[in-house]
Amino acid sequence: MKRIVVLLMAVALAVVPVVAQDAAKDKKVDITGTWEMTVESPQGTMNITIEYKQEGETLTGKHVSEMGEAPLKGTVKGNEIVYTLTMDMGGQQFSIVHKGKVDGDTITGTAELGEMGTMNWTAKRKK
């Protein structure tokens with residue numbers, strides 16, 4: 001009988017982290033507003049202002065940097081965001097896919113630049 005109780009407790013303890021992760025993923029967030037992003041690139045740190053507009057799971061907005069403005073479109077599901085930023089680089093369209101996780105007033109993630117690799121980024125909600 002003791003073995004069964006110990007086994008059940010071990011299984012219950014093993015399930016707790018999985019349930020906690022699922023609860024965080026399902027947590028609804030609203031990232032509408034202005035955010036300050038820092039991107040670690042091979043050329044150094046870049047600072048970008050982002051204006052997000054979230055309606056349900058739909059995400060729109062724009063990135064504003066020294067390179068100009070670029071529109072974004074994507075989704076917010078739970079605490080995870082995914083969006084594509086499309087830039088015009090000398091007449092050629094260039095897409096960057098951003099993926100991130102929201103934790104309060106901070107978002108951390110990666111920017112996938114196709115063949116040019118991936119960069120890490122962090123954004124903080126502007127107050």
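## Exercises on a chain of eight strands and one helix

The accessible surface of the chain comes to about 8500 Å², and carbon and sulfur atoms hold 58% of that area. The model is predicted, so please keep that in mind as you work through the exercises.

### Exercise 1: The overall layout

Work out how many helices and strands the chain has, and in what order the elements run from the N terminus.

*Solution.* Start with the count: the chain contains one helix and eight strands. Next, read the order from the N terminus, which is α-β-β-β-β-β-β-β-β. Then turn to burial: of the 127 residues in the chain, 26% are buried. Finally, look at the contacts with a separation of 6 or more; 28% of them join residues 24 or more positions apart.

### Exercise 2: The largest pocket

Find the residues closest to the centre of the largest pocket, and describe the lining.

*Solution.* Begin with the volume, which is about 390 Å³ for the largest pocket. Its lining has 25 residues, and those closest to the centre are Met46, Met67, Ile96, Leu113 and Met119. Now assign the lining to elements: two or more residues each come from strand 1 (33–41), strand 2 (44–55), strand 3 (58–65), strand 4 (68–77), strand 5 (80–89), strand 6 (92–103) and strand 8 (118–125). Last, sort the lining by residue class: 17 are nonpolar, eight are polar and none is charged.

### Exercise 3: The largest nonpolar core

Identify which residues have the most contacts inside the largest nonpolar core, and which element gives the largest share of that core.

*Solution.* The core has 24 residues, and Ile31, Ile50, Tyr52, Ile81, Ile107 and Trp121 have the most contacts inside it. At least two core residues come from each of strand 1, strand 2, strand 4, strand 5, strand 6, strand 7 (106–112) and strand 8. The largest share, four residues, is from strand 5. For a closer view, take Tyr52: leaving out residues up to four places away in sequence, it touches Ile31, Ile81, Ile107 and Trp121, among others. The list for Tyr52 also includes Trp35, Leu59, Leu72 and Tyr83.

### Exercise 4: Buried or partly exposed?

Decide whether His98 is buried or exposed, then do the exercise again for Met89.

*Solution.* Locate His98 first: the residue sits in strand 6. Its relative accessible area is 4%, and the cut-off for buried is under 20%, so His98 is buried. Beyond four places in sequence, the contacts of His98 include Met37, His63, Ile81, Tyr83 and Trp121.

Met89 lies in strand 5. With a relative accessible area of 42%, Met89 falls between the 20% and 50% cut-offs and is therefore partly exposed. Leaving out residues up to four places away, Met89 touches Met67 and Phe94. The C-alpha atoms of Met89 and Met67 are 9.5 Å apart, with their positions 22 residues apart along the chain.

### Exercise 5: Around strand 8

Compile the contacts of Asn120 and Lys126, setting aside residues up to four places away in sequence.

*Solution.* Asn120 belongs to strand 8. Its contacts are Thr38, Val39, Glu40, Gly109 and Thr110. For one of these, Thr110, the C-alpha separation from Asn120 is 4.5 Å, although the two are ten residues apart along the chain.

Lys126 is placed in the segment after strand 8, and touches Thr34, Trp35 and Glu36. As a last step, take Lys126 and Thr106, which are 20 residues apart along the chain: their C-alpha atoms are separated by 10.0 Å.

Technical notes: Residues are numbered from 1 along each chain as its sequence is written. This is a predicted model: local features need pLDDT of at least 70, side-chain atom pairs count only at pLDDT 80 or more; totals for chains, interfaces and linings use all residues. Side-chain values use heavy atoms; hydrogens and water are left out. On a 1 Å grid over the protein atoms alone, a cavity is a set of points where a 1.4 Å probe fits but cannot get out, and a pocket is an open set with protein on both sides within 12 Å along at least five of seven lines; lining residues have an atom within 4 Å of a point. Grid points are joined across faces, edges and corners, and a volume is the space filled by probe spheres set on the points. Ala, Val, Leu, Ile, Met, Phe, Trp, Tyr, Cys and Pro count as nonpolar, Asp, Glu, Lys and Arg as charged, and the others, Gly among them, as polar. A nonpolar core is a set of buried Ala, Val, Leu, Ile, Met, Phe, Trp, Tyr and Cys residues joined through side-chain atoms within 4.5 Å. Buried means under 20% relative accessible area, exposed over 50%, partly exposed in between (1.4 Å probe, protein chains only). Contact means heavy atoms within 4.5 Å. Accessible areas come from the Shrake-Rupley method with a 1.4 Å probe; for residues, only the protein chains shown count as cover.
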